[in-house]
Amino acid sequence: MSNTGTNSGAASAEAGGETGTNRWLLVAAALLLQFSIGAVYAWSVFSKALQDASAFELSSVEAAIPFEVTIGMIFIGTYIGGRIQDRRGPRVVAMAGGVIYGLGVLLAGFAESKDDFWLVVLGYGVISGFGLGVAYIVPIAMLQKWFPDKRGLITGLAVGGFGFGAVLTSPVANWLIDRDPDIPTKAFIPLGIAYLVMSLIGASLFKNPPEGYTVAGHEAVGGSGADAATRDYTQGEALRTPQWYLLTAILTLNVAAGISLISQAAASATDIAGYSAAGAATLVGALAIFNGAGRIVWAAASDKIGRMRAFAAMLALSGLCLIAIPHAESAVLFALLAAVIYLCYGGAFGTMPATAGDYFGVRHAGAIYGLMLIGWSIGGVAGPLLASALIGEDEAYTTAYTVIGVVAVAAVALTFLTKVPKGREAEAVDARG
């Protein structure tokens, strides 16, 4: 099947009209791909195991390194993948990203002691992080083109599978680790194979809509005569606006707030609320439901209340819950506060692609949003580093989460400064929050 297609004209809301493509099947394929690469959020299970394993005995800072490298590499992958898929189509780029990701995880499985820890950093961190980024950006850009009538909801769904990735992976990884707790990295081998298969199946169905594709009953705001008012920005033009930098800053700070807990979730649950290792692993898997749900819930909500109001709420709730969570000695209260943080963390990834589409258009969405995801890498590295450094060997959770929480609450001010670029207001009426 061609990535570009040749037919144009109207398409029905459910089945793509003349394209002969059921666009909801593409959503299912995107979720399968994102589910496999979203397993990266189960890292805290491995982090705890690598600290406890006799063959590794890593410090909390050392155990955070592979995850930080993974998140740091994502930006490089999204930048390259976004630019290529805008020109070559989504299928080949997504398949390449999935293969790289799976092979990186497999490589990490060959580390058998602390002397081999570099294999985990190289495989799980550098290689799989790059592949993750290449694959991640593709369904986001592709589905915005298929669903101009449901931009907020569909970008939430496009990345929802990524947030849900740790739901199954966390308990499965914990079970695999328990088979040989002295060498927990062996669990990466079966997981890597599973990720590879799932990624290839999902990505094999990807394709862009044909030129001139429309959805029955939906017309872009402003009509056909509003081309000048609703022009699509190129990547270079977007980078010359203050809005691109403000949106990237909002994404960065929201990521840093949420991921500071995500990277320490299993240990925090054990040390603060008294969870067992198995209980903490189960909790991490359950919390991933909120990571995934947040991408859908907040994205859909932003269609109703406005993009910036949604981001203001996410940052404020994340910050307040982070400040409160070190004092949550009750297992139930800890889980509730963590669930809100995960919900808001995921929400940024569901809402920001639609926001970028509102502000800059979707024609070059892969390149523009792919570059914007530098905020994911910056926040994804800074958050865990700051959290692990402040927590330290003294388990200073109150200091760590209070500092990060205050920063998140202060970041709400950025949402009041961020306005839709002139010339895009007509297309972005739902982004005026």
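The protein exposes about 15,400 Å², of which carbon and sulfur atoms supply 66%. These values come from a predicted model. The chain has 433 residues, and 57% of them count as buried. Its secondary structure comprises 17 helices and two strands. Among contacts between residues at least 6 apart in sequence, 84% join residues at least 24 apart.

**Salt bridges**

Side chains of opposite charge can pair when their charged atoms come close. A search of the whole structure finds five salt bridges. The table lists three of these pairs.

| Pair | Closest N to O distance |
|---|---|
| Asp-52 and Lys-48 | 3.2 Å |
| Glu-62 and Lys-114 | 3.4 Å |
| Arg-307 and Asp-358 | 2.6 Å |

Asp-52 and Lys-48 both belong to helix H2 (residues 43-52); because they lie four residues apart in that helix, about one helical turn separates them. Asp-52 has a relative accessibility of 52% and therefore counts as exposed, whereas Lys-48, at 23%, counts as partly exposed.

A salt bridge also joins Glu-62 to Lys-114. This pair links distant parts of the chain, 52 residues apart: Glu-62 is in helix H3, and Lys-114 is in the loop between helix H4 (90-108) and helix H5 (117-146). Glu-62 is partly exposed at 27% relative accessibility, and Lys-114 is partly exposed with a relative accessible area of 38%.

The side chains of Arg-307 and Asp-358 form a further salt bridge. Here too the pair links distant parts of the chain, with Arg-307 in helix H12 (residues 307-324) and Asp-358 in helix H13 (residues 331-360), 51 residues apart. Arg-307 is buried, with a relative accessible area of 0%; Asp-358 is likewise buried, at 1%. Salt bridges with shared partners connect Asp-303, Arg-307 and Asp-358 into one network.

**Surface patches**

Ile-76, Ile-80 and Ile-84 make a nonpolar surface patch of about 200 Å². Ile-80 is located in helix H3 (residues 60-88). Its relative accessible area is 33%, so Ile-80 is partly exposed.

A patch of negative charge on the surface gathers Asp-271, Glu-393, Asp-394 and Glu-395. Within this group, Asp-271 lies in helix H10 (residues 265-273). A relative accessibility of 36% places Asp-271 in the partly exposed class.

**Helix H10 and the loop after it**

Ser-268 is another residue of helix H10. Is Ser-268 buried or exposed? Ser-268 counts as buried because its relative accessibility is 0%, and the limit for burial is under 20%. Leaving aside neighbours within four places in sequence, Ser-268 is in contact with Leu-261, Ala-273, Phe-334, Tyr-397 and Tyr-401.

Tyr-275 is placed in the loop between H10 and helix H11 (277-305). With a relative accessible area of 18%, Tyr-275 is buried. Which residues does Tyr-275 contact, leaving aside its neighbours within four places in sequence? They are Ala-269, Thr-270, Ala-280, Leu-283, Ala-331, Val-332, Phe-334 and Ala-335. Phe-334 is thus a contact of Tyr-275 and also of Ser-268. Tyr-275 and Ser-330 are 55 residues apart along the chain, and their C-alpha atoms are separated by 9.8 Å.

Key. Residues are numbered from 1 along each chain as its sequence is written. This is a predicted model: local features need pLDDT of at least 70, side-chain atom pairs count only at pLDDT 80 or more; totals for chains, interfaces and linings use all residues. Side-chain values use heavy atoms; hydrogens and water are left out. Patches are made of residues with over 30% relative accessible area and no salt bridge: like charges are joined within 9 Å, nonpolar side chains (Val, Leu, Ile, Met, Phe, Trp, Tyr) within 5 Å. Accessible areas come from the Shrake-Rupley method with a 1.4 Å probe; for residues, only the protein chains shown count as cover. A salt bridge is a side-chain nitrogen of Lys or Arg within 4 Å of a carboxyl oxygen of Asp or Glu. Lys and Arg count as positive and Asp and Glu as negative; His and the chain ends are not counted. The place of a charge is taken as NZ of Lys, CZ of Arg, CG of Asp or CD of Glu. Buried means under 20% relative accessible area, exposed over 50%, partly exposed in between (1.4 Å probe, protein chains only). Contact means heavy atoms within 4.5 Å.
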